[in-house]
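Me: I would like to go through this model with some care, asking about one topic at a time. Please give the cut-offs as the terms come up.

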Amino acid sequence: MKVLANDGISNSGIEALEAAGFEVLTTTVAQEQLENYINKHNITVLIVRSATTVRKNLIDNCPSLKIIGRGGVGMDNIDVDYARSKGLHVINTPAASSHSVAELVFGHFYGLARFLHNSNRDMPLEGDANFKALKKSYAKGTELKGKTLGVLGFGRIGQATAKVAIGAGMKVVAFDPFLEKANLQLDFFDGQKVDFEIKTISKEEVLKQSDFVTLHVPAQDSYVIGEKEFSQMKDGVIIANAARGGVVDEVALLNAIKSGKVSRAALDVFEKEPQPEIQLLMNPALSLTPHTGAATNEAQDRIGLELAEQIISILG
Ligand SMILES: O=C(O)[C@H](O)COP(=O)(O)O
């Protein structure tokens, strides 16, 4: 049986699938040629990340497909219910990338707190005077330790982010419409484990208390953070969106930066992907990454292996 991993898959995933007798194709087929390719090569399993979309048409026109696998969390690029109604298995790997996303958020937070996203670019090629001027202009950094992190969406990734925050000496407050509390476990390098509980509070209270805000919610029809929510935040707040484009109103964000309500922000996802608005790309208050939350060797290894295991157990 053939597996097409159209947005790639780790070697560990390929090896596990091949050992079970699957043929794995890793060609990236353009969206408009996908239907032909799947039919021509009699593909049984289509694996995608966020780049390839799997809509009704493709599902209807590719009868050889038995499984659609999402290497990652968000399935907004797949017509999941429709595929399932047609008897296809739709699988993903919801836990495999949580810690990688959490670390990316903190990479942005530490960078923003000390202006690394700008100072890297601004370092003078020569000149003592320039160096000194630059040192002065980046003299107002802040520590994360002792600050409050607000987490909107307290599922797997939100909780992983909370654990990193606690390790960084931050207080964590969280909002989740589906969760009253979460039991978290901190794992230490020497094998010690510490359990603790975080009770969620209202969204407004999270926004009011937080020095840093991070979103970990699925794609949805309306903004989670817009003009109203920005007005409820502390002046000078730093925010991060590594969830989905469209959960933060980008126009409201730019206005909030302009007014000083938001001092700096990190975006890993954009309302327009893969071509974010130029005003975002040019704004010095923004630290940007091209949707790389899950893009670590470790996360992709776990994702590849988990997909392989699920595929083998369904078809093996
Ligand atoms: O939903 C996810 O898993 C993340 O947004 C990562 O998407 P990617 O696999 O396209 O990097």
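Me: Across which strands does helix 11 lie, and at about what angle does it run to strand 12?
Reply: This is a predicted model, in which local features need pLDDT of at least 70 and side-chain atom pairs count only at pLDDT 80 or more, while totals for chains, interfaces and linings use all residues. Residues are numbered from 1 along each chain as its sequence is written, and side-chain values use heavy atoms, with hydrogens and water left out. Helices (H or I, at least four residues) and strands (E, at least two) are DSSP runs numbered from the N terminus, contact means heavy atoms within 4.5 Å, and axes are lines fitted to C-alpha atoms, for helices over the stretch in contact, with angles from 0 to 180 degrees between N-to-C directions. On these terms helix 11 (residues 250-259) lies across strand 11 (237-241), strand 12 and strand 13, and its angle to strand 12 is about 145°.

Me: What is the strand order of the open sheet of 6 strands, and which strands are its edge strands?
Reply: Two strands pair if DSSP finds at least two bridges between them. With parallel pairing, the order in this open sheet is 7-6-10-11-12-13, and neighbouring strands are turned against each other by 15° on average, direction ignored. Pairing on one side only marks the edge strands, which are strand 7 (171-175) and strand 13 (286-288).

Me: Which residue of strand 13 does Ala 265 stand opposite?
Reply: Strand 12 (residues 262-267) runs parallel to strand 13, and 3 bridges join them. In strand 13, the residue opposite Ala 265 is Leu 286.

Me: Why is one side of strand 2 and of strand 5 left without a neighbour in the sheet?
Reply: These strands belong to an open sheet of 5 strands with parallel pairing and the order 2-1-3-4-5. The twist in this sheet averages 20° from one strand to the next. Strand 2 (23-25) and strand 5 (89-92) stand at the edges, so each has a single partner strand.

Me: Which residue of strand 5 stands opposite Ile 68, and what angle does helix 13 make with strand 5?
Reply: Strand 4 (residues 67-70) pairs with strand 5 in the parallel sense over 4 bridges, and Ile 68 has Val 90 of strand 5 opposite. Helix 13 (residues 297-315) packs on the sheet and touches strand 3 (43-48), strand 4 and strand 5, its direction making with that of strand 5 an angle of about 155°.

Me: How much of the accessible area of the ligand does the protein cover?
Reply: A residue counts as near the ligand if one of its heavy atoms lies within 4 Å, and those around the ligand include Arg 70, Arg 244 and His 291. Among the polar contacts (pairs of N or O atoms within 3.5 Å), a polar side-chain atom of Arg 49 lies 2.8 Å from a ligand oxygen atom, and a backbone N or O atom of Val 73 lies 2.6 Å from an oxygen atom of the ligand. By the Shrake-Rupley method with a 1.4 Å probe, the ligand on its own has 310 Å² of accessible area, and the share covered by the protein is 90%.

Me: Where is the cis peptide bond, and in which loop is Pro 274?
Reply: Most peptide bonds are trans. The cis bond, with omega about 10°, joins Glu 273 and Pro 274. The place of Pro 274 is the loop between strand 12 and helix 12 (278-281).

How values were computed:
Polar contact = N/O pair within 3.5 Å; in protein donor to acceptor, adjacent residues only side chain to side chain.
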